[in-house]
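Trainee: I would like to learn how labels such as "buried" or "disulfide" are assigned. Could we go through some of them together?

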Amino acid sequence: MDLRMNDKKVFHVYVIGLKPEFAKTKAAKSQNPNFLAGPNKRCYYVGYTSDTPEIRYEKHITGYVNKKGHRIFSPKVYNYGYKKNGLRPRQYKKYNPIATKDDAEKIEIELAEKLRKKGHCVYQA
């Protein structure tokens with residue numbers, strides 16, 4: 001189900017909480033070379049989608065494969081994401097909905113950088 005604004009596809013950015021073990025992975029270290037674990041430091045996955053954040057989260061967590069046999073999930077979220085209540089709407093709600101794919105891509109990058117600047121470990125594909 002696509003949400004549409006004036007009959008056009010809309011996009012959403014979303015943030016999913018990842019378990020602290022994610023920070024020890026090669027992928028986490030390459031995107032967050034200066035990350036230091038601490039009591040208020042979290043791990044997040046940031047992405048954008050033409051689905052709702054809830055539908056996209058469900059696809060990541062369940063390991064969704066489309067009709068053509070393509071994996072439509074991130075192994076990072078599948079392996080390290082919280083299986084229940086993994087979405088972090090406080091981190092992304094104010095940005096949604098987004099009118100264009102280009103804007104969604106830019107906001108995804110800005111949001112990931114903003115969370116990194118706060119000292120969090122962020123993965124973004």
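Mentor: Happily; what follows is a talk about how each label is reached.

Mentor: This is a predicted model, in which local features need pLDDT of at least 70 and side-chain atom pairs count only at pLDDT 80 or more, while totals for chains, interfaces and linings use all residues. Residues are numbered from 1 along each chain as its sequence is written, and side-chain values use heavy atoms, leaving out hydrogens and water.

Trainee: How do you know that C43 is in no disulfide?

Mentor: A disulfide is a pair of cysteine sulfur atoms within 2.5 Å. The structure holds zero disulfides. For C43, the nearest cysteine sulfur is that of C121, 4.1 Å away, and that distance is not within the 2.5 Å cut-off. C121 is likewise in no disulfide, its nearest cysteine sulfur being that of C43.

Trainee: Why is C43 called buried?

Mentor: Buried means under 20% relative accessible area, exposed means over 50%, and partly exposed is in between (1.4 Å probe, protein chains only). C43 has a relative accessible area of 5%, so C43 is buried. C121 has 0%, so C121 is buried too.

Trainee: And what makes R42 partly exposed?

Mentor: The relative accessible area of R42 is 39%, so the label is partly exposed. R42 lies in the loop between α1 and β4; helices (H or I, at least four residues) and strands (E, at least two) are DSSP runs, numbered from the N terminus.

Trainee: What is R42 in contact with?

Mentor: Contact means heavy atoms within 4.5 Å. Leaving aside neighbours within four places in sequence, R42 is in contact with F35, H120 and C121. The side chain of R42 also reaches the backbone oxygen of P39 at 3.3 Å. That is a polar contact: a pair of N or O atoms within 3.5 Å, where, within protein, one must be able to donate a hydrogen and the other to accept it, and residues adjacent in sequence count only if both atoms are side-chain atoms.

Trainee: Why is N85 called exposed?

Mentor: N85 has 70% relative accessibility, so N85 counts as exposed. N85 sits in the loop between α3 (75–80) and α4, and its phi is near 55°, a positive value in a residue other than glycine. Most residues other than glycine have a negative phi, and most peptide bonds are trans.

Trainee: Which residues does a cis peptide bond join?

Mentor: The cis bond joins N96 and P97, with omega about -10°. P97 is found in the loop between α4 (89–92) and α5 (101–117).

Trainee: How do you know that the span of α5 agrees with what is expected?

Mentor: The expected span of a helix is 1.5 Å times one less than its number of residues. For the 17 residues of α5 this gives 24 Å, and the end C-alpha atoms are 24 Å apart, so the two agree. Just after α5, G119 takes a positive phi of about 95°.

Trainee: What makes β4 and β5 a pair?

Mentor: Two strands pair if DSSP finds at least two bridges between them. Four bridges join β4 to β5, which run parallel, and Y44 stands opposite V122 in β5.

Trainee: What covers the faces of β5, and which residues are buried there?

Mentor: Both faces are covered: C121 and Y123 on one side, and V122 and Q124 on the other, are all buried. In a regular strand the side chains alternate between the two faces of the sheet.
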